[in-house]
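The exercises below ask you to read a model residue by residue and element by element. Try each task before turning to its solution.

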Amino acid sequence: MTYDTTTELFTLSWWGKANVRYLIEESSDFAVWTPIPLVHYPDASGVISVDLSRPDEWLSFRLVATTEVDLLDVDGDGID
């Protein structure tokens, strides 16, 4: 993760595999994790980068990789 002081954006980057879905979650206490409504589903392996705005509070982020579609329905509407 990097931080750009000019744009005030964090950039989270990781090596993604083709046909694996990635979900980013955030937490302020490491106990409760909340999904960010961004799902990444690359069609080829390579570096994936996501810009995240600077939060008003200290947050931690984690990356969840899955092939299960149900885990990606972050808003509960039955559509990921």
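**Exercise 1.** Decide whether Glu25 is buried or exposed, and find which residue forms a salt bridge with Glu25.

*Solution.* Begin with accessibility: Glu25 counts as buried because its relative accessibility is 11%, where buried means under 20% relative accessible area, exposed over 50%, and partly exposed in between (1.4 Å probe, protein chains only). Before going further, note that this is a predicted model, in which local features need pLDDT of at least 70 and side-chain atom pairs count only at pLDDT 80 or more, while totals for chains, interfaces and linings use all residues. Residues are numbered from 1 along each chain as its sequence is written, and side-chain values use heavy atoms, with hydrogens and water left out.

Next, look for the partner: Glu25 forms a salt bridge with Arg62, the closest N and O atoms being 2.6 Å apart, the criterion being a side-chain nitrogen of Lys or Arg within 4 Å of a carboxyl oxygen of Asp or Glu. This pair links distant parts of the chain, since Glu25 lies in strand β3 and Arg62 in strand β6 (residues 60-66), 37 residues apart. Strands here are DSSP runs (E, at least two residues), as helices are (H or I, at least four), numbered from the N terminus. Finally, Arg62 is partly exposed, because its relative accessibility is 37%. The structure holds 1 salt bridge.

**Exercise 2.** Describe the surroundings of Ser27: which strand holds Ser27, and which residue does its side chain join in a polar contact?

*Solution.* Ser27 is found in strand β3, which covers residues 21-27, and with 2% relative accessibility Ser27 counts as buried. Its side chain and that of Asp29 are joined by a polar contact of 3.1 Å; such a contact is a pair of N or O atoms within 3.5 Å, where within protein one must be able to donate a hydrogen and the other to accept it, and residues adjacent in sequence count only if both atoms are side-chain atoms. Setting aside neighbours within four places in sequence, Ser27 is in contact (heavy atoms within 4.5 Å) with Val32, Trp33, Trp58, Leu59 and Ser60.

**Exercise 3.** Work out how β2 is paired, and which residue stands opposite Phe10.

*Solution.* Take β1 (residues 2-4) and β2 (residues 9-16) to begin with: they run antiparallel and are joined by 3 bridges, where two strands pair if DSSP finds at least two bridges between them. Asp4 has Leu9 in β2 as its bridge partner. The two strands form a hairpin with 4 residues between them, and Glu8 in the turn has a positive phi of about 60°. Glu8 is partly exposed, with a relative accessible area of 43%.

Then turn to β5 (residues 46-53), which runs antiparallel to β2 and is joined to it by 8 bridges; here Leu52 in β5 stands opposite Phe10.

**Exercise 4.** Identify the residues of the largest nonpolar core, and state which strand supplies its largest share.

*Solution.* A nonpolar core is a set of buried Ala, Val, Leu, Ile, Met, Phe, Trp, Tyr and Cys residues joined through side-chain atoms within 4.5 Å. The largest one has 9 residues: Leu12, Trp14, Val20, Tyr22, Ile24, Ile36, Ile48, Val50 and Leu52. β2, β3 and β5 each supply at least two residues of this core, and the largest share, 3 residues, comes from β5. Leaving aside neighbours within four places in sequence, Leu12 is in contact with Met1, Ile24, Ile48, Ser49, Val50 and Leu52.
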